[in-house]
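Dear colleague,

Please find the structure below, handed over for your files. A short account of what was found in it follows.

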Amino acid sequence: MWKPTNLGLAGRSALVAVGIAALTATSAFAFGNMSAEQRAALEAKATDVAQVEQVESEAPAEGGERTIFDGVYTEEQADRGMGFFGPDCATCHSNTARGSSAAPGLIGYTLDSKYADQSLYTYFDYMRANMPPGNAGWFTDQEYADIVAYLLELHGAPAGDAELEGTEEALSTIMIVPTPEG
């Protein structure tokens, strides 16, 4: 079954509203012989489904989709990542990870625009497959995750209580979203 995972609350609510409207509009044709009680029960069921969709979209299910601003790494992990980033990445990307004449920035615009609405795994996988240049895959998956944690810290995403795991399964449930205003 198709599930609108990237629509957000407004998109999901609109999709459910369109579905209910379509159901109501077609019910006269498709269910012309239905009693008033049967129609009321069908419409109540559609309303229940809409309410469940709204609740699901407001708070991700346990193990479900989170964003980079939901405390997806620890401070200790970011510190480890800084240890890898400094000698191996800062030469090209600068100590602030905002880029240089040698390489693009890895935070700020890059996360807010280029990778917006993509999973953190996409960002991680690109890094793992291409960095450092000429020696891709130099770090273990967990070390790459530590570097990502450091970059998230530089980007302004808050630390949390659990470490960021360097697995496709874990990173695919975390979405990159633009930096919240304010």
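**Helices H6, H7 and H3**

The buried residues of helix H6 are covered by elements that include helix H5 (109–114), strand E2 (118–119), H7, helix H8 (168–171) and strand E3 (174–176). Please note that this is a predicted model.

Helix H6 itself spans residues 120–130, and its buried residues are Leu120, Tyr121, Tyr123, Phe124 and Met127. These residues lie on the same side of H6, because the arc they cover around the axis is only 160°. In general, an α-helix has 3.6 residues a turn, so residues three or four places apart point the same way.

H7, one of the elements covering H6, has 15 residues. From its first C-alpha to its last, H7 reaches 21 Å, close to the 21 Å expected at 1.5 Å a residue. Buried in H7 are Tyr144, Ala145, Asp146, Ile147, Val148, Ala149, Tyr150, Leu151, Leu152 and His155, and the buried residues of this helix pack against H3, H5 and H6. After H7 comes Gly156, with a positive phi near 105°.

How do H3 and H7 pack, and at what angle? Helix H3 (residues 75–88) and helix H7 (residues 141–155) meet at about 105°, and their axes are 7 Å apart. The two helices are therefore roughly perpendicular to each other, as angles of 65 to 115 degrees count as such. On the H3 side, the residues in contact include Arg80, Met82 and Phe84, while those of H7 include Asp146, Tyr150 and Glu153. By class, this contact has nine nonpolar, three polar and four charged residues.

With kind regards

How values were computed
Residues numbered from 1 in each chain as written. Predicted model: local features only at pLDDT ≥ 70, side-chain atom pairs only at ≥ 80, totals over all residues. Heavy atoms only, no water. Axes fitted to C-alpha atoms, helices over the stretch in contact; angles between N-to-C directions. Helix = DSSP H or I, 4+ residues; strand = E, 2+ residues; numbered from the N terminus. Parallel < 35°, antiparallel > 145°, perpendicular 65-115°, else oblique. Contact = heavy atoms within 4.5 Å. Nonpolar A, V, L, I, M, F, W, Y, C, P; charged D, E, K, R; others polar. Buried < 20%, exposed > 50% of the residue type's maximum accessible area, 1.4 Å probe, protein only. Arc of directions from axis to C-beta. Expected span 1.5 Å × (residues − 1).
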